Amino acid sequence: MGIGNGSPSDSRHVSHKEIRDETTPLLPIKEEEEGIHEFNGASFSGAVFNLSTTIVGAGIMALPASIKMLGIIPGILMIILVALLTEASIDMLVRCSHEGKITSYGWLMGETFGQWGRIALQASVVINNIGMMIVYMIIVGDVLSGTSTSGVHHRGIFEGWFGPHLWNSRPVVLLATTLFVFGPLVSFKRLDSLRYTSALSVALAVVFVVITAGIAIVRLIEGTVEIPKLFPELDGTNSIWELFTAVPVVVTAYICHYNVHSIDNELEDRTQTKPIVQTSLALCSSVYIATSFFAYLLFGEGTLADVLANFDSNLHIPFSSVFNDVVRVSYVVHIMLVFPIVFFALRLNLDGLLFPTARHISRDNRRFAIITGSLLAVIYLAAIFIPSIWDAFQFTGATAAVLIGFIFPAMIILRDPYGIATKRDKILALTMIVLAVLSNSVALYSDALNIIFHRKVEV
């Protein structure tokens, strides 16, 4: 299953060699017998909607904990800074792609750095998406069967409804979810209704923000919430190092670069790409800031790494238990529907790395089943043994996500294969690389110290 370099010579021989990358559909596009349906290009609002769906995912659940660690003012500034850097890095990719008439991130990496550049991107997408799959499954486990943090147990939905039993323990619930929900969903070889899951994704994110903000405002008016800290509380060098562990979490929340080209390719007027990206990032940043601020205001220092797990207690408002269940159930359903979409890209890229010369995975049922089953098993086991989404976000955010989102785009601008980079572009690219490497190196160093000395970061 070769990825190809997407060069003009390759494109002239598409009948003999398949050219695919992280944005290629799982099945080849076929013309319908009734004829070809005319497509006049995606609308501005539709493109904003789809890109926003790509951005807003499980990362929103860990941002309140980042605000708790950093303090409100540094935390909000961090969200805004990462949004601005994300806009700059996407602009780098889009300008180079338009100049070279390139239609995918993988093709651009291949044109700039050769085969190994494309392989590096594929490997990063695999690592990033596996991390996201693990996060999704951990959240499902937290919500349905509960989680324990610092000796305090937060009940899941099933435990709250039926009491603690073996059948609603975390391993059993996640196994049942994997076999009877995720398994069937990822067994399909084609997705035909992504617009519906996109609509549901944004709608459920809005439901979460509105309910959280509404409850926080009501309790703020009643004077029943604590005033949150504006800046982090530092008690030594170790505390300063630990602040950097929030950076990969925020970075991961903005990774959408591998889907930008597919949205850009559908536009009739590709000059709209820049305002679409800016509008989408502004929308998502507003959602992130509102969610982080109001969730931290509502739960204070008790805010968990997965803020959904906080919705198991008395919110001190009428119908508290109803609001708790609505928030948790709606977002778990959202995650279950988004899971196969991200999984498809993961499976396609992993197959490309393992079997670069084989035929398309959709035409080999045995390979399709083995890779699908193996990935589900790895994700399930990791979700059982990794206790918190914070840990998964730290690893993927400090490695694959920062490569996809910042380092690779900056390297492309510095290499400047099409001679379009200005001096300002190269300074920004170099600054982006330095910031990414330093901040995420410190985050990984702090994580390593915590593991070696068995320290627990409270999030």
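Buried means under 20% relative accessible area, exposed over 50%, and partly exposed in between (1.4 Å probe, protein chains only). The model is predicted: local features need pLDDT of at least 70, side-chain atom pairs count only at pLDDT 80 or more, and totals for chains, interfaces and linings use all residues. Residues are numbered from 1 along each chain as its sequence is written, and side-chain values use heavy atoms, with hydrogens and water left out.

**Exercise 1.** Classify Phe 339 as buried or exposed, and list its contacts (heavy atoms within 4.5 Å).

Solution.
1. Phe 339 has 0% relative accessibility, so it counts as buried.
2. Not counting residues up to four places away in sequence, Phe 339 touches Met 133, Tyr 136, Met 137, Phe 182, Val 186, Leu 376 and Ile 379.

**Exercise 2.** Classify the ring pair Phe 182 and Phe 339, and place both residues in helices.

Solution.
1. Rings of Phe, Tyr and Trp (its six-membered ring) pair if their centres lie within 6.5 Å; planes under 30 degrees apart count as stacked, over 60 as edge-to-face and the rest as tilted.
2. The whole structure holds 10 aromatic pairs.
3. For Phe 182 and Phe 339 the centres are 3.9 Å apart and the planes at 15°, so the pair is stacked.
4. Helices are DSSP runs (H or I, at least four residues), numbered from the N terminus.
5. Phe 182 lies in helix α8 (residues 170-186) and Phe 339 in helix α14 (residues 320-354), so the pair ties together parts 157 residues apart in sequence.

**Exercise 3.** Classify the ring pair Phe 293 and Phe 294, then the accessibility of each residue.

Solution.
1. The ring centres of Phe 293 and Phe 294 are 5.2 Å apart and the planes at 75°, so the pair is edge-to-face.
2. Phe 293, at 28% relative accessibility, counts as partly exposed, whereas Phe 294, at 17%, counts as buried.

Note on methods
Contact means heavy atoms within 4.5 Å. Helices (H or I, at least four residues) and strands (E, at least two) are DSSP runs, numbered from the N terminus.
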